[in-house]
Amino acid sequence: MPRLRDWRELLRWETLLAVILLLVIAVNIQMSPHFLGTRNLVNLFQLSIEKIIVALIMTFIIINGEIDLSVASVMGLSACLFAWLYEQGTPAEVAILAALAAGMLCGAFMGFWIAYANLPSLAVTLAGLILYRGMARILLEDRSVGQFPHWFTRLGQTDQFGPLSFGIVLFVVLFVVALIALHFSAFGRHVYVIGNNRSAARYAGLKVRRTKMALFVLSGLIAGLCGLLLAARLGTVRANAAEEFELDIITMVLLGGVSIFGGTGTMIGVGLSILVVLNLRNGMSLAHYSGNIQTSVVGALLIASVLLPNLLRDARQMWLRRGARRRPRPVAGGQEEEESRQTVDPKPIARS
Amino acid sequence: MTSIRRILRPEQIRELSLLLIIVGVVLFFGSQIDNYYTPRTFQRISSSVMIIMVVAVGETLVVLTRNIDLSVSSIVGLTAYVAGQQISQNNDMSPATLIALALGLGAALGLINGLLVAYGNIPAIVVTLGTLAIYRGVLVQYGGSKNILVRDLPDWLVDLPRVNLFTIGEFEIRLLFAVALAIVIVFQLVLVYLAYGRRLYAIGSNPDAAQMAGLPTRRTVLLAFVLCGALSGLGGFMYLARIGTISSNAAQGLHMQVIAAVVVGGVNIFGGSGTMIGMMLGAVLMGILEQSLIRMQINEFWKDAFFGLFILLAVATDALLMNRVRDLWARSAAQLHLARRTAPQKE
């Protein structure tokens with residue numbers, strides 16, 4: 001039944017996200033006349049710019065079958081190291097390079113344990129989350145450091161390129177790069193294959209360890225960069241900078257249709273889900289909901305983003321089974337067979 | 001040699017080495033800090049460790065099934081706040097009612113986690129990362145900027161942490177610490193002797209196989225989350241008794257210390273192995289480090305970095321060393337089995 005299959009193609013996760021996005025935007029426009037102003041639209045991105053840049057690399061890591069819980073702590077550490085070095089009298093340029101290097105080192109350290117010692121990334125990056133935040137606390141204790149050079153803080157604030165900030169332009173460039181790297185390059189295919197089946201990828205001769213290592217080093221570098229962006233945007237740094245950003249970042253990726261088990265997901269989906277989360281937060285701000293309610297809603301969104309596909313799949317299977325009972329089909333082909341296998345398989349309780 | 005290998009199970013080797021590390025750490029701090037071997041040090045460590053121990057018992061149940069619960073800190077904070085608010089409005093409330101309230105609320109929050117994980121088929125890390133934020137958000141919204149104050153609490157609750165159960169030499173075993181110890185022992189017995197405990201190990205070792213073998217995996221995992229929630233509720237009650245002043249960010253970050261204790265105590269983060277006794281030793285080690293670093297005038301900010309390093313070390317030794325020890329143990333068991341079977345034929 002080709003027509004039915006075409007119709008089902010429309011029921012992709014991305015389509016659903018686009019519909020949700022339009023709904024959220026429609027409600028936002030109804031709610032506030034300021035929503036469509038350039039200022040608000042720039043702010044929409046600007047206020048979460050660090051999170052959405054890190055979400056791009058997190059997409060690669062989760063598709064690859066791993067997770068990085070430590071990104072927020074790496075961001076905090078890089079910001080604190082920059083502030084501490086600057087406070088000690090190091091030139092800002094050197095401090096920036098040192099902070100970026102520290103981010104890469106953090107990523108490489110965890111990548112080593114995950115890729116070469118085969119430790120679970122959940123445990124390693126949880127340790128990283130505590131360890132790097134602890135190091136940030138050692139550096140700044142309970143002080144807050146500010147008064148960075150003018151050119152540095154200007155980088156984090158608006159009006160660099162027309163109404164756009166440096167961060168927004170960087171995000172757009174990185175999004176295009178990530179899109180090409182994930183969907184139109186050999187590296188991207190390797191990321192998917194490894195995420196689907198690590199052993200099969202290894203037997204096929206893919207450099208599994210090197211790919212994982214590269215992803216974690218990149219994740220550290222980008223988190224370090226975003227820590228600097230955060231320092232530039234806020235103008236001051238405290239030891240708790242970027243704390244708990246991982247919730248938003250992981251929510252954006254999973255809501256984008258990336259499976260937590262790895263192997264599936266698209267960059268377009270993540271892009272759409274980033275827009276959904278940003279618009280939702282912005283709309284709630286316009287409606288004067290406090291930050292904590294917003295965080296709760298994001299948490300609920302995180303759970304819903306996995307629960308909903310599960311329910312949809314169950315419903316579809318039930319529908320297929322009913323259809324099969326009504327009129328017996330010829331021997332089921334690839335797709336159906338896979339689905340029937342899924343019904344027999346016990347559902348994984350969780351994958352650490 | 002084989003007989004030694006037979007007597008010492010891999011978990012016991014792990015616990016013994018943890019015990020040796022604890023002794024070493026105590027001796028080290030004893031040589032660095034004046035008046036270290038005093039009842040006061042013991043009191044400080046035991047009262048700082050008891051809450052972590054109680055919550056970590058629940059966390060161990062969950063981790064054994066190859067799941068994780070990050071939301072415990074929010075459950076502790078929320079139950080502490082709600083229980084504190086109820087008792088300050090109604091000082092005549094009996095202790096049993098208050099404890100039941102804390103346990104019930106905790107269990108209900110754990111039930112939500114468990115339903116989503118076991119019946120919604122959502123990975124535990126996703127569910128509990130979400131509920132960590134949701135429960136905290138509910139607390140902030142519910143509590144606002146109002147704090148629970150010590151002066152509103154009844155005397156029995158404020159005095160509870162100082163109630164002494166019995167004294168060994170100069171060391172006082174406080175009631176709450178004894179309760180925490182009892183919970184650890186009871187759940188250790190549950191793990192060893194009850195069918196439910198064995199199921200936790202079976203599910204954690206291989207969820208698919210456990211399901212194929214006909215074990216009620218969903219119910220078992222659900223109950224693990226409910227128990228974890230209830231024990232976190234009890235932890236919330238202890239937190240209320242010990243701290244007294246509860247704000248809406250109470251117990252924030254506690255889940256990190258709990259998971260650190262569980263992992264350092266040798267409970268495999270991939271599920272299927274670990275004991276309550278090991279977890280307790282892990283919690284005690286962390287508690288000793290925390291309190292001793294404060295006494296050594298070392299900046300308290302170093303604490304978190306140490307905890308992070310310890311988790312990484314524990315996970316790394318588990319993966320790199322313990323698997324080999326377990327292999328060795330299994331092989332020697334097979335040899336012994338073979339020897340027993342061939343022995344009678346020779347006679």
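Helix H7 of chain A runs from residue 121 to residue 140, which makes 20 residues in this predicted model. From its first C-alpha to its last, H7(A) reaches 28 Å, and that sits close to the 28 Å expected at 1.5 Å a residue. As for its surroundings, H7(A) is largely enclosed by the rest of the structure, because 19 of its 20 residues are buried. Right after H7(A) comes A:Glu141, and here the backbone takes a positive phi of about 50°.

Zooming out to the whole of chain A, the count is 16 helices and zero strands. Chain A has 352 residues, and 45% of them are buried. What about contacts along the chain? Taking the contacts in chain A between residues at least 6 apart in sequence, 78% join residues at least 24 apart.

Chain A also touches chain B. This contact takes 42 residues from chain A and 48 residues from chain B. On the chain B side, the elements that give two or more residues are helices H5 (95–119), H6 (124–143), H10 (207–212), H11 (217–243), H12 (254–264) and H14 (302–346). Of these, H6(B) gives the most, with 13 residues. Sorted by character, the residues on the side of chain B that touches chain A come out as 34 nonpolar, eleven polar and three charged.

Terms used:
Residues numbered from 1 in each chain as written. Chains lettered and ligands numbered in written order. Predicted model: local features only at pLDDT ≥ 70, side-chain atom pairs only at ≥ 80, totals over all residues. Helix = DSSP H or I, 4+ residues; strand = E, 2+ residues; numbered from the N terminus. Expected span 1.5 Å × (residues − 1). Buried ≥ 20, exposed ≤ 12 C-beta atoms within 10 Å, placed from the backbone. Contact = placed C-beta atoms within 7 Å. Nonpolar A, V, L, I, M, F, W, Y, C, P; charged D, E, K, R; others polar.
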